[in-house]
Structures are given as structure tokens and as C-alpha cells.
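Reader: I would like to learn how to read helix packing and a ligand site from a model. Please take them in turn.

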Amino acid sequence: MRRPLVAGNWKMSLGPEGGAALIAELLPLVADSTGAVDVVVCPPYLALGAVAAALDGGGVSLGAQNCHWEEAGAFTGEIAPGMLLAVACQWVILGHSERRQLFGESDEGVNRRAVGAFAAGLRPIVCIGETLEERDAGRVEDVILGQLDRSLQGFTAEQLASVAVAYEPVWAIGTGRTATPEQAQQVHGLIRGRLRDSFGDASAEVIRILYGGSVKPDNAAELFGQADIDGGLIGGASLKAADFAAIANAARSTCGCHSEQEI
Ligand code: PEP
């Protein structure tokens, strides 16, 4: 029984004012879903405080888009897990393909960030995904499972329940080209199978595996209806309140098997 999770990755869009305005628009639109779906927004760091204030117990949680593994030190440009907790973040996206491709983050670095974030009390959303070249070369399984193993190294079966994995095929991010529900389910099934082998049945059954890559209101229901897709990581569509709300509402209506209880 997995409760759906829908997280919005705002990337480098919206500052404090714009972020608070989006939340004011969003909250009434998702009010019917937050009892059954974990809805999370992940603004840029600078907007976290204003967005936290705007959320004000409205049933939507706050996340960040990255964090360092240390709590303090000479790490110019980085943010510590404790700083995110201090502005009411509960979640943090780690290993997004843009971090990997544009900023050189490796699986080992993502793992250090995930371990540090988790130890501090944040819930990591660990992103993995293959490029088009890797898919065309028939390397999806190899790439995805390698990223998964290395990124989650050191986690215990019990800890895994608080983590989410996001499968985001790089070729589907921001391109308007979504994986078909069958393509996505096939990879989600592989991921859950590997988690079962590594961490056991009980942990593999509770961890949420999100799909990300051009999820929109008109394709969300079919994707979320797949057996191993437990929600989504949403980029572009999370910047429009009506679209993000429609996606969260699709998660509620298609994941009827999920429990009301927070994992
Ligand atoms: C993302 O950035 O994680 C993402 C999935 O973006 P988009 O929904 O715009 O493809």
C-alpha cells in the first residue's frame, strides 16, 4: 500500500514573491487531494522561506532541489541539510539529471548527499535516468540499476521507506516527449525488483518510485495507473497551479490502492 507522491521541481524559476503567489493559487486547487496524496513543491533556495510561509499548514510540503552532505564548512555555493530543515523543508531532490549533466555530479556524490541529507532528517528524492544514447544502445537496465545501487549505498532496509526514487529518462525531461506508460512501467518494475533483491520485500513494497519527464495533466493518469508508478516528479507543469493540481488530482484518482496513512 503506497501513498502517491507528487513533487514539483521549479528549477531556477520563481523568487520569493512569485513563489508565494503560485502557492496561494495552488492550495485551494489541491485541497481535496492532500489527504490522500503527498504533494511537495521544491522552489529555488532563495524562495524557500517565502514559500514555507505561504504554505502555512495547507497540506502541501516543502522540498529543496539539492543539498550538501556536510552541515557547515568551506563549500562555496552549497547549502547544508540543517539550513533546509530550518526553513521547514522535509524533502530534497538529489541527483537530478541537470545536476549530473551540467554540474558534474556523480553517483558517488549523489550518495554522499543522500546519506548526509537523510542523517540530518530530510527525505531524499533520488533521481536516476538514462540518456537517449544509452537507451538506443540497449543499456537502460545496466545504467539505471548501476545508478540506483551506487546512489543508495549505505542505506538500510528500514531507512529506505523514507526515501523516494524518481525515474527520469533524460530524453523525456523538458522535451515534451514522455515515456509511454509501458516503457516507464518496465523500468519501474526493474527498479522495484532490484530494491527487493537489495533491501528485501517489505522495503521494496513501501518505497515510492516516481516517474518524471514531461508529465502533464493529459498523460498523468495513465502513467500513475501503472502498477509500480507511485506518483511523479514534475518540472514545467509544476509552474502552472492548475496543471500541477490536475496532476496531483490524477494521482489521487488513479492510485486507489494506496493507503491514507503517511509512510
Ligand atoms: C524534471 O525537471 O524533473 C522534469 C521532469 O521536468 P519536465 O516535467 O519539465 O520534463
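Author: This is a predicted model. Begin with helix α1 (residues 16-30) and helix α12 (residues 241-254): their axes come within 9 Å and cross at roughly 30°. Angles under 35 degrees count as roughly parallel, so α1 is roughly parallel to α12. The crossing of α1 with α12 is right-handed.

Reader: Which residues make the contact of α1 with α12?

Author: From α1 come L22, E25, L26, L29 and V30, and from α12 come A241, A242, F244, A245, A248 and N249. Sorted by class, nine residues of this contact are nonpolar, one is polar and one is charged.

Reader: At what angle do α1 and helix α2 pack?

Author: The angle between α1 and α2 (residues 48-55) is about 25°, and the axes are 8 Å apart. The cut-off of 35 degrees applies again, so α1 is roughly parallel to α2. Here too the handedness can be read: α1 and α2 cross in a right-handed manner. On the α1 side the contact has P16, G19, A20, I23 and L27, which meet A50, V51, A54 and L55 of α2. Eight of these residues are nonpolar and one is polar, with no charged residue in the contact.

Reader: Now the ligand. How many residues surround the ligand, and which are the closest?

Author: There are 14 around the ligand, and the closest are K11, E168, G174, S214 and G236. For polar contacts, look at distances between N or O atoms. The side chain of K11 has an N or O atom 2.6 Å from an oxygen atom of the ligand. For the side chain of H96, the corresponding distance to a ligand oxygen atom is 2.9 Å. N9 has a polar side-chain atom 3.4 Å from an oxygen atom of the ligand.

Definitions and conventions. Residues are numbered from 1 along each chain as its sequence is written. This is a predicted model: local features need pLDDT of at least 70, side-chain atom pairs count only at pLDDT 80 or more; totals for chains, interfaces and linings use all residues. Side-chain values use heavy atoms; hydrogens and water are left out. Axes are lines fitted to C-alpha atoms, for helices over the stretch in contact, and angles run from 0 to 180 degrees between N-to-C directions. Helices (H or I, at least four residues) and strands (E, at least two) are DSSP runs, numbered from the N terminus. Angles under 35 degrees count as roughly parallel, over 145 as roughly antiparallel, 65 to 115 as roughly perpendicular and the rest as oblique. A crossing is left-handed if the near helix is turned anticlockwise from the far one by less than a right angle, and right-handed if clockwise. Contact means heavy atoms within 4.5 Å. Ala, Val, Leu, Ile, Met, Phe, Trp, Tyr, Cys and Pro count as nonpolar, Asp, Glu, Lys and Arg as charged, and the others, Gly among them, as polar. A residue is near a molecule or strand if one of its heavy atoms lies within 4 Å of it. A polar contact is a pair of N or O atoms within 3.5 Å; within protein, one must be able to donate a hydrogen and the other to accept it, and residues adjacent in sequence count only if both atoms are side-chain atoms.
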